[in-house]
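Please work through the exercises below with the sequence and the model at hand. Each task is followed by a solution in steps.

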Amino acid sequence: MSNTRQNHQPRPEERGGAQRPVYQGAPANALPLTASEDRQWATLAHFGGILAFVPSLIIYLVFRDRGPFTAQESKEALNFTLPPSIAALTVWALSFIPEIGGFFAVLNAMIWVYVAVSSVIAGIECNRGRPYRYPLNLRRIQ
């Protein structure tokens, strides 16, 4: 036997094996949410208000086209949490001012408690399958 014959690697068609399939990728559109998933993500959008507007924004952007209840409730949660989050950030910055910073620190805590309690109430109602409307909401995002 010659040296070239020993180092020869048979091709897949010579071995009798099938060739690897070409990668097809994922579908461009995600599947719609089931009813329970729709209610779950809508509930999480409200509960996310404890962490400011970011969770409701992410849920709104990712799931708004996949479930009608999630779209409605995440938009409501985003509209509710965005203005107090901006106000809390501003008040937090003002809390570093000497002499009056303590007042702003207490005000910041009060804003957070109000948003957190309201978000939990909304999340509980939403988890029961009932749409929730915050009493004080600007509803700027349509």
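The exercises that follow concern a predicted model.

**Exercise 1. Determine whether the 13 residues of H3 span the length expected of a helix.**

Step 1. The expected span is 1.5 Å times one less than the number of residues. For the 13 residues of H3, this gives 18 Å.

Step 2. The end C-alpha atoms of H3 are 18 Å apart, which agrees with the expected span.

**Exercise 2. Identify the buried residues of H3 and establish how they are arranged around the axis.**

Step 1. A residue is called buried if its relative accessible area is under 20%. In H3, Asp38, Ala42, Thr43, Ala45 and His46 are buried.

Step 2. These residues cover an arc of only 155° around the axis, so they lie on the same side of H3. In general, an α-helix has 3.6 residues a turn, so residues three or four places apart point the same way.

Step 3. The cover over the buried residues of H3 includes helix H4 (54-63), helix H5 (68-94) and H6.

**Exercise 3. Compare valine 117 with serine 118: is each one buried or partly exposed?**

Step 1. Valine 117 belongs to helix H6, and serine 118 is also found in helix H6.

Step 2. Valine 117 has a relative accessibility of 45% and therefore counts as partly exposed. Serine 118 has a relative accessible area of 11% and is therefore buried.

Step 3. Leaving aside residues up to four places away in sequence, serine 118 touches Phe80 and Tyr134.

Step 4. Val117 contributes to a nonpolar surface patch of about 840 Å², whose other members include Leu44, Phe47 and Trp112. The elements giving two or more residues to this patch are helix H3 (35-47) and helix H6 (101-127). H6 provides the largest share, 6 residues.

**Exercise 4. Describe the salt bridges in which glutamate 76 takes part with arginine 133 and arginine 139.**

Step 1. The side chain of glutamate 76 meets that of arginine 133 at 3.6 Å, N to O. Here helix H5, which holds glutamate 76, is linked to the segment after H6, which holds arginine 133; the two residues are 57 residues apart.

Step 2. Glutamate 76 also forms a salt bridge with arginine 139, at 3.0 Å, N to O. Arginine 139 lies in the segment after H6 and glutamate 76 in helix H5, so this pair ties together parts that are 63 residues apart in sequence.

Step 3. Glutamate 76 is buried, with a relative accessible area of 4%. Arginine 133 is partly exposed at 39% relative accessibility, and arginine 139 is partly exposed at 30% relative accessible area.

Step 4. Through shared partners, salt bridges join Glu73, Glu76, Arg133 and Arg139 into one network. The structure holds 5 salt bridges.

Key. Residues are numbered from 1 along each chain as its sequence is written. This is a predicted model: local features need pLDDT of at least 70, side-chain atom pairs count only at pLDDT 80 or more; totals for chains, interfaces and linings use all residues. Side-chain values use heavy atoms; hydrogens and water are left out. Patches are made of residues with over 30% relative accessible area and no salt bridge: like charges are joined within 9 Å, nonpolar side chains (Val, Leu, Ile, Met, Phe, Trp, Tyr) within 5 Å. Accessible areas come from the Shrake-Rupley method with a 1.4 Å probe; for residues, only the protein chains shown count as cover. A salt bridge is a side-chain nitrogen of Lys or Arg within 4 Å of a carboxyl oxygen of Asp or Glu. Helices (H or I, at least four residues) and strands (E, at least two) are DSSP runs, numbered from the N terminus. Buried means under 20% relative accessible area, exposed over 50%, partly exposed in between (1.4 Å probe, protein chains only). The arc is that of the directions from the helix axis to the C-beta atoms. Contact means heavy atoms within 4.5 Å.
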